[in-house]
Amino acid sequence: MSENKEIVDAQAMTRALTRITYEIIEQNHGVDDLVLVGIKTRGIYLAQRIASRLKQLEHVDVPVGDLDITNYRDDRGRRTGQDPDVTATEVGFPINGQNVILVDDVLYTGRTIRAALDALMDLGRPKKIGLAVLVDRGHRELPIRADFVGKNIPTALDEHIQVRVKEIDGSDGVAIVQD
């Protein structure tokens, strides 16, 4: 039986995304040549929220795309023994020469981000790639770190981070799930 402990509520999640947005503006010296690419599934919604906040602050529509990394995962086919169900990547703008911010909900081992980098490079050659995550839970297996972190939440190996977004789950929040 698993036990959930909410550690970030909707208001704290909004504050974390706002802080990430300000940091993106600061590190990129504005929003010129900036594009956001959310990693399916929850990263897309977080990227859209960051873009919305960028529009409020900078009065610019920053393009948002979504990236399906299924075919780039190093564990593909190992989990179920079947071919993955792949949905299309939708990046409707060029990434060549752009400052790309990859957006995901949780950074854990780094393997999802490695797959995302491979998928992104198949689309073009960005000027620079940054990484924004809502939660960094540690336990890295690859030398990957986030440039923008909403919250660092150290976890035990038998715990999982569950991010909820209202677009899919009906509410916003982050919980630690104990197995």
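Which hand does the crossing of H1 and H2 have, right-handed or left-handed? In this predicted model, the crossing of these two helices is right-handed, and the paragraphs that follow lead from that crossing to the helices themselves and then to some of the loops.

The axes of H1 and H2 come within 9 Å of each other and cross at roughly 60 degrees, which makes H1 oblique to H2. On the side of H1 the contact is made by Met 13, Leu 17, Thr 18, Ile 20, Thr 21, Tyr 22, Ile 24 and Ile 25, while H2 contributes Leu 46, Arg 49, Ile 50, Arg 53, Leu 54, Leu 57 and Glu 58.

H1 covers residues 10–27, and its 18 residues reach 26 Å from the first C-alpha to the last, close to the 26 Å expected at 1.5 Å a residue. At the N-terminal end of H1, Asp 9 acts as a cap, with a side-chain oxygen 3.3 Å from the backbone nitrogen of Gln 11. Within the helix, Met 13, Ala 16, Leu 17, Thr 18, Ile 20, Thr 21, Ile 24 and Ile 25 are buried. An α-helix has 3.6 residues a turn, so residues three or four places apart point the same way.

Ile 20, a residue of helix H1, repays a closer look, since it has a relative accessible area of 1% and is therefore buried, the cut-off being under 20%. Leaving aside neighbours within four places in sequence, Ile 20 is in contact with Ile 50, Ala 132, Val 133, Phe 148, Val 149 and Gly 150. By C-alpha positions, Ile 20 lies 27 Å from Ala 88, a residue 68 places away from it in sequence.

Beyond the end of H1, the chain enters the loop between H1 and E2, where His 29 is placed. The phi of His 29 is near 55 degrees, a positive value in a residue other than glycine, and at 74% relative accessibility His 29 counts as exposed. Further along, in the loop between E2 and H2, stands Thr 41, and the peptide bond that leads from Lys 40 to Thr 41 is cis, with omega near 15 degrees.

H2 follows, and its 17 residues, 42–58, should span 24 Å at 1.5 Å a residue; the C-alpha atoms at its ends are 24 Å apart, which agrees. Its buried residues are Gly 43, Ile 44, Leu 46, Ala 47, Arg 49, Ile 50, Ala 51 and Leu 54. These pack against helix H1, against the strands E2 (34–39), E3 (64–67), E4 (99–107) and E5 (128–136), and against helix H4 (166–169). Just after H2, His 59 takes a positive phi of about 60 degrees.

The last stop is a pair of loops that are joined by contacts of Thr 155. His 139 is found in the loop between E5 and E6, where its phi is near 70 degrees, again a positive value in a residue other than glycine, and at 30% relative accessibility His 139 counts as partly exposed. Thr 155 belongs to the loop between strand E6 (148–152) and strand E7 (159–164), and with a relative accessible area of 10% Thr 155 is buried. Apart from neighbours within four places in sequence, Thr 155 is in contact with Arg 137, His 139 and Ile 161, and a polar contact of 2.8 Å joins the side chains of Thr 155 and Arg 137.

Technical notes. Residues are numbered from 1 along each chain as its sequence is written. This is a predicted model: local features need pLDDT of at least 70, side-chain atom pairs count only at pLDDT 80 or more; totals for chains, interfaces and linings use all residues. Side-chain values use heavy atoms; hydrogens and water are left out. Helices (H or I, at least four residues) and strands (E, at least two) are DSSP runs, numbered from the N terminus. The expected span of a helix is 1.5 Å times one less than its number of residues. Buried means under 20% relative accessible area, exposed over 50%, partly exposed in between (1.4 Å probe, protein chains only). Contact means heavy atoms within 4.5 Å. A polar contact is a pair of N or O atoms within 3.5 Å; within protein, one must be able to donate a hydrogen and the other to accept it, and residues adjacent in sequence count only if both atoms are side-chain atoms. Axes are lines fitted to C-alpha atoms, for helices over the stretch in contact, and angles run from 0 to 180 degrees between N-to-C directions. Angles under 35 degrees count as roughly parallel, over 145 as roughly antiparallel, 65 to 115 as roughly perpendicular and the rest as oblique. A crossing is left-handed if the near helix is turned anticlockwise from the far one by less than a right angle, and right-handed if clockwise.
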